[in-house]
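User: I have a model open here and would like to talk it through before going into detail. Can we start with the overall picture?

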Amino acid sequence: MIKAEKSIFILETEKTTYAFRITKSGHLEHLYYGRKIALAGDIETAIESLVEKNAFAPGNSLNYTQDDLSFSLEDMSLEMSGYGKGDIREPLVDIVHADGSMTCDFLFDSFKLTKENPNLKVLPCSYSDGVAPDHLTITLLDKYYGLKLELHYFVYSKCNVITRYTKLINESRECVSVRRLLSTQLDLFGTNFKLTTFNGAWTREFCKNETIVSAGKVINSSFTGTSSNRANPFVMVSDAATTEDAGLVFGLNLVYSGNHYECLEVSAYGKTRFVAGMNPEGFCYKLSAGECLESPEAVMTVSVDGFDGMSSNMHKFVRNHIVRGEWKHKPRPILLNSWEAAYFKISEQKLVKLGRAAKLVGIELLVMDDGWFGKRNDDTSSLGDWKVNREKLPHGVKGLSKKINALGLDFGIWVEPEMVNVDSDLFRKHPDWALGIPDHPHSEGRNQRILDLTRTDVQDYVIESMRDVFKSGNISYVKWDMNRIMSDVYSSKLAPENQGEVVYRYYVGLYRIMKTLTEEFPHILFEGCASGGNRFDLGILCYFPQIWCSDDTDALYRVRAMTNYSYGYPMSTLTAHVSNCPNHQTLRVTPLSTRFNVAAFGIFGYEFNLPDLGLDELLEIRRQVSFYKKYRELLQYGDFHRGRCDNLHEWTVVSKDKSQAIGLQVQELVEPNTRSHQYFAKGLEPNAVYTFENNPAKVNIKAFGDLINYVAPVHIKNGGMLQSVLSKVYKLPGEVEQYTATGDSLMYAGVKLSQAFAGTGISGDVRFFPDFGSRLYVMKKK
Ligand code: GLA
């Protein structure tokens, strides 16, 4: 709900309040954002306690006007700031006017209240397919320069989210240079907030970093031309003491896939400012007379129920108001991807063989990854030439997809539409279609260049070539990759003064392509990918419901990374595969059960040369697949909660009606002689009674190596033939855990699990729990 009364604006969700007012001077004073507060009676009286009390401006600061010596913009909490009138903190906008001045003076002009979905012209945005969100437009004017600035707010009450974007309209007769047009500004009273960011690199995405900001500023930004694996646009601002279950935390994100910028700045006077939007670095937009420019939409939520409360708001919001299309709530298929199984060495024969093995274990979709087109035998050529390689696929995509379908599997394909190799017919024909400075040497990345998607002719080529690919067989899934960061950013079609617009215009072009193709092929399940998680963001999720969040399939890395992704993104957006060991990215060996137990919490699949596996492993995989199918709805769309996260990692996913839940516990390294562990559930109905069971597993005697001789009647050589034969016919029984307890008890008292192996004996009552060991626990309401 939005109330607008007597120059005061109150935006309310189910559990939060956001408030600001118009000052005498025409600025917007930010009053409050936090847990819901009652504002009773006369609104002016009700907010008096929230208004800043100033009698004299601080020494050495500036008065906005001589008429009010108490009022200094540098020490006010504001909804919007610009440079030049005394506020020297991070501004929302930064504009160079035709006369060269950089001063902005935007003051309140009018407001409008409607109920409607956000409707940005060229960028993706949130939406509601039920009741439209309440929408507040505040219009500000800089009358000296003829510029209009609109601040748009949308209230998604049920998920406690407010979104916001900024629109600049040039009503003057001259062109201005927009050096920054951010999406949100949030001024907070006090200092020492904790900024949590998620940083990393290829195969090391989403590591959590926390900084208490007591002075100066901390910046989280990307300059890769993507939202990036270096710094995701999702960040959190919290009280330093906030825990998983208690305390104040803001969750903040952007609906944008290009360079972004988030900054937390502490002022000279005990206040903190957060701003977020497109990265001003490298950005300069020439806004001609009569034109307008929109910022990406920012997403904001706040919770006093700790990180868990904030994540739950974000999950609901992303699931309901970002992800769209046929696959929004549909069960996602279990797939087998050919990449780690065969890399570039694919052929019809090999893929059909993979398909046969996949079918045997119950997998539903076979995905042909890179290597199927042009002369693509490695990464040096053919991107851009989207014609099938007949040597590898003699019957084309059509023939192959028919054969895969005949096995009873769906068929999916990999593409990288935004790229071109220098060694390609496309580049030979149209060298100017790639971004780059004409006649200058170009930096190289994976031997490929980025197509200039600022150009409509190039966008049309991508649309047409992809349309042909998607129609070339019975394709029900597409993995859309993007494997290079931007360099030598320059479009030969744009004038020199417009080169600061390239990255922004690239995304406008890309979003047009993605919109056209996803609308034309609504049945296809699209999965985003950018060398794994180099473009995991809400912009992509507006078109593709799921993203490959890392090329790293190592179970230990994944349990940490998926925990961190879960702060801002629901598990239904993260894809996770079980792959071979030693792991191809870390060479680490983890149990097959743990690889499954972790991946099962995401959108699940395999990336494995199944035909090479022994019967034991294939049978285990078949059991995994059938377990996943049984609980697919719960695992994909249930409410996800993080538990402990240290040497032991815990997750719980709970069905909407709280009748079922699955818990995970993963151990990093064994603590010697530590037998006792507990599992703590989360999110259950406190007073309901649940059964609690482990997912029983037998233990391979090979896991005990030489130690088995302690009980074996004959000598079994570790690695020898006898061990190999015995391990095939005999498995040690695993522990059985079966209890009945209330939700309360499972959540707060925890479950004392069977003792772990601690070097003193092994029996059916002992939990085999080695390094990287794990268990799944199924809880059902009685
Ligand atoms: C990227 C992706 C991988 C795979 C390869 C193919 O690295 O992240 O999953 O598709 O490209 O070249």
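**Overall shape and core**

Analyst: This is a predicted model, and its radius of gyration is 28 Å, which agrees with the value near 28 Å that a compact globule of 782 residues would have. Along the principal axes, the C-alpha trace spans about 100 × 65 × 40 Å.

User: How many helices and strands are there?

Analyst: The protein contains 15 helices and 40 strands. Among contacts between residues at least 6 apart in sequence, 70% join residues at least 24 apart.

User: What percentage of the residues count as buried?

Analyst: Of the 782 residues, 60% count as buried, while the protein exposes about 29800 Å², with carbon and sulfur atoms supplying 53% of that area.

User: And the charges, how many positive and negative side chains?

Analyst: There are 88 positive and 94 negative side chains, and the centres of these two sets lie 6 Å apart.

User: Let's go inside. Which residues touch the most other members of the largest nonpolar core?

Analyst: Those are Trp372, Phe470 and Tyr606, in a core of 187 residues. Helix α8, covering residues 502-520, provides the largest share of this core, with 11 residues. Apart from it lies another core of 15 residues, including Ala661, Ala681, Ala741 and Val751. In soluble globular proteins, nonpolar side chains tend to be buried together.

User: What is phenylalanine 470 in contact with?

Analyst: Leaving aside neighbours within four places in sequence, phenylalanine 470 is in contact with Val415, Ile475, Val478, Trp480, Leu517, Phe521, Ile524 and Phe526.

User: Switching to helix α10, why would one call it largely enclosed?

Analyst: Helix α10 spans residues 555-565, and 10 of its 11 residues are buried, so it is largely enclosed by the rest of the structure. The buried residues of α10 include polar and charged names such as Arg558, Thr563 and Asn564 alongside Leu556, Val559 and Met562.

User: One last spot: where is threonine 224?

Analyst: Threonine 224 sits in the loop between β13, residues 216-221, and β14, residues 235-238.

User: Is threonine 224 buried or exposed there?

Analyst: Threonine 224 is buried, because its relative accessible area is 5%, and buried means under 20%. With neighbours within four places in sequence left aside, threonine 224 is in contact with Arg230, Asn259, Ile485 and Met486.

Notes:
Residues are numbered from 1 along each chain as its sequence is written. This is a predicted model: local features need pLDDT of at least 70, side-chain atom pairs count only at pLDDT 80 or more; totals for chains, interfaces and linings use all residues. Side-chain values use heavy atoms; hydrogens and water are left out. Helices (H or I, at least four residues) and strands (E, at least two) are DSSP runs, numbered from the N terminus. The radius of gyration is taken over C-alpha atoms; the globule rule is 2.2 Å times the number of residues to the power 0.38. Buried means under 20% relative accessible area, exposed over 50%, partly exposed in between (1.4 Å probe, protein chains only). Contact means heavy atoms within 4.5 Å. Accessible areas come from the Shrake-Rupley method with a 1.4 Å probe; for residues, only the protein chains shown count as cover. Lys and Arg count as positive and Asp and Glu as negative; His and the chain ends are not counted. The place of a charge is taken as NZ of Lys, CZ of Arg, CG of Asp or CD of Glu. A nonpolar core is a set of buried Ala, Val, Leu, Ile, Met, Phe, Trp, Tyr and Cys residues joined through side-chain atoms within 4.5 Å.
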